[in-house]
Amino acid sequence: ERLAAAMDVGAVATDQPPLSTMGMEQQPYDFAALVLALVNLIAELAMIFGGVVPFIPQYFIIRRTQSAEGFSTFVCFTLLVANILRVLFWFGHPFEMPLLAQSVIMVVSQLFMLYVCVEVRGTNTLDPKRIHFRDFDMATFWQWSDFKDYLLFMSIFTVFLSILTYLLLDVVLYVETIGFLAVFIEAMIGMPQWLSNNRKKSTVGMSVIMVCCWLSGDCFKTGYFIARSAPVQFALCGALQVLVDLSILFQVWLYKANQHPVIAID
């Protein structure tokens, strides 16, 4: 009986792979999963922080030239409104956390860009007249002299829409509408810059690197939206952003002969 038991144990033992090969069959799978997780992490980080990267060269141009004339602050306005709407949209239609984090970081970055532009503009202006939000003059909207006025306006805007969203959070039409407006307004990020270039017939002072970063980022973002099955509004408006970016780059070629800004005389 002992001999038979020993033979049974030996038979069972021979069915098991050697210790040196144990776990090797799992290694290819584990390695592939690790690579996939790493790629996913890089994509998420690129989505979170990639949106602010294009503004870095524009910031250095403003600091170097001590002039913000080539950069339209309405770009900041567009992104602030769009990303605040996107954050509110998340409460009614939750989407991926990287997209939510991107919106929060974008709001902070655009407030910083506004602060820099207002500071530089204040040091260069010779006009003693100060323009404030409390003047309620649409002709000077978003051209205020004090950064606090921008903060006041954005605070009122955010509080009002937050209360409205809280009251209408269960209304699907309202939630989907603010979601569409968020991505549609963001898709128009380049339009203030396009209009500014068209008015001056020049792209002097605008960072071409910034626009190229917009284009590459928007292409990546649109692909990310499609791959991750984000709400359809995201992908459609991402494609629209790509078209706007291309139109601005076309202006760079169109106005390349104009080496100096054109001053319009009424």
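## A walk through an all-helix chain

Let's start with the overall build: the chain has ten helices and zero strands. Read from the N terminus, its elements run α-α-α-α-α-α-α-α-α-α. Keep in mind as you look around that this is a predicted model.

How much of the chain is tucked away? Of its 266 residues, 37% are buried. The accessible surface of the chain adds up to about 15,700 Å², and carbon and sulfur atoms account for 72% of that. You can also ask how the chain meets itself. Take the contacts between residues at least 6 apart in sequence: 77% of them join residues at least 24 apart.

Now let's pick one residue and follow it. Find Lys221, which sits in helix α9, spanning residues 208-227. Is Lys221 buried or exposed? Its relative accessibility is 6%, so Lys221 counts as buried, since the cut-off for buried is under 20%. Which residues does Lys221 touch, if you skip those up to four places away in sequence? They are Met47, Gln102, Glu186 and Gln241. With Gln241 there's something extra to spot: the side chains of Lys221 and Gln241 make a polar contact, at 3.2 Å.

Lys221 also leads us to some empty space. A search of the whole structure turns up one cavity of 30 Å³ or more. The largest cavity holds about 40 Å³ of space. Its lining is made of Arg86, Val183, Glu186, Lys221, Phe225, Phe234, Cys237, Gly238 and Gln241. So there's our lysine again, and Glu186 and Gln241 are in the lining too; both of those are residues that Lys221 touches. Which elements give two or more residues to this lining? They are α7 (172-187), α9 and α10 (232-254). The largest share comes from α10, with four residues. Sorted by class, the lining of the largest cavity has four nonpolar, two polar and three charged residues.

Lys221 turns up in a second spot as well. The second largest pocket contains about 240 Å³ of space, and 19 residues line it. Which of them lie nearest its centre? Those are Gly50, Gly51, Gly217, Asp218 and Lys221. The elements that give two or more residues to this pocket's lining are α2 (27-49), α5 (97-124) and α9. Here α9 gives the most, with seven residues. As for the classes, the lining of the second largest pocket splits into ten nonpolar, six polar and three charged residues. If you're exploring the 3D view, Lys221 is a handy landmark, as it belongs to the lining of the largest cavity and to that of the second largest pocket.

Next, stay with the helices for one more buried residue. Thr165 is in helix α6, residues 147-167. With a relative accessible area of just 3%, Thr165 is buried. What is Thr165 in contact with, leaving aside its neighbours within four places in sequence? The answer is Leu88, Tyr174 and Ile178.

Time to move out to the loops. The loop between α3 (55-65) and α4 (74-92) is where you'll find Gln66. This residue has a positive phi of about 55 degrees, although it's not a glycine. Gln66 is partly exposed, with a relative accessible area of 33%. Where else can you see a positive phi in a residue other than glycine? Look at Lys201, whose phi is near 55 degrees. Lys201 lies in the loop between α8 (191-200) and α9. Its relative accessible area is 38%, so Lys201 is partly exposed.

Finally, go back to the loop between α3 and α4, which also holds Glu69. Is Glu69 buried or exposed? At 59% relative accessible area, Glu69 is exposed, as the cut-off for exposed is over 50%. Now pair Glu69 with Met206. Along the sequence, Glu69 and Met206 are 137 residues apart. In space, though, they are 8.5 Å apart, going from C-alpha to C-alpha. Try finding both in the sequence and then in the 3D view.

Definitions and conventions. Residues are numbered from 1 along each chain as its sequence is written. This is a predicted model: local features need pLDDT of at least 70, side-chain atom pairs count only at pLDDT 80 or more; totals for chains, interfaces and linings use all residues. Side-chain values use heavy atoms; hydrogens and water are left out. Buried means under 20% relative accessible area, exposed over 50%, partly exposed in between (1.4 Å probe, protein chains only). A polar contact is a pair of N or O atoms within 3.5 Å; within protein, one must be able to donate a hydrogen and the other to accept it, and residues adjacent in sequence count only if both atoms are side-chain atoms. Contact means heavy atoms within 4.5 Å. Accessible areas come from the Shrake-Rupley method with a 1.4 Å probe; for residues, only the protein chains shown count as cover. On a 1 Å grid over the protein atoms alone, a cavity is a set of points where a 1.4 Å probe fits but cannot get out, and a pocket is an open set with protein on both sides within 12 Å along at least five of seven lines; lining residues have an atom within 4 Å of a point. Grid points are joined across faces, edges and corners, and a volume is the space filled by probe spheres set on the points. Ala, Val, Leu, Ile, Met, Phe, Trp, Tyr, Cys and Pro count as nonpolar, Asp, Glu, Lys and Arg as charged, and the others, Gly among them, as polar.
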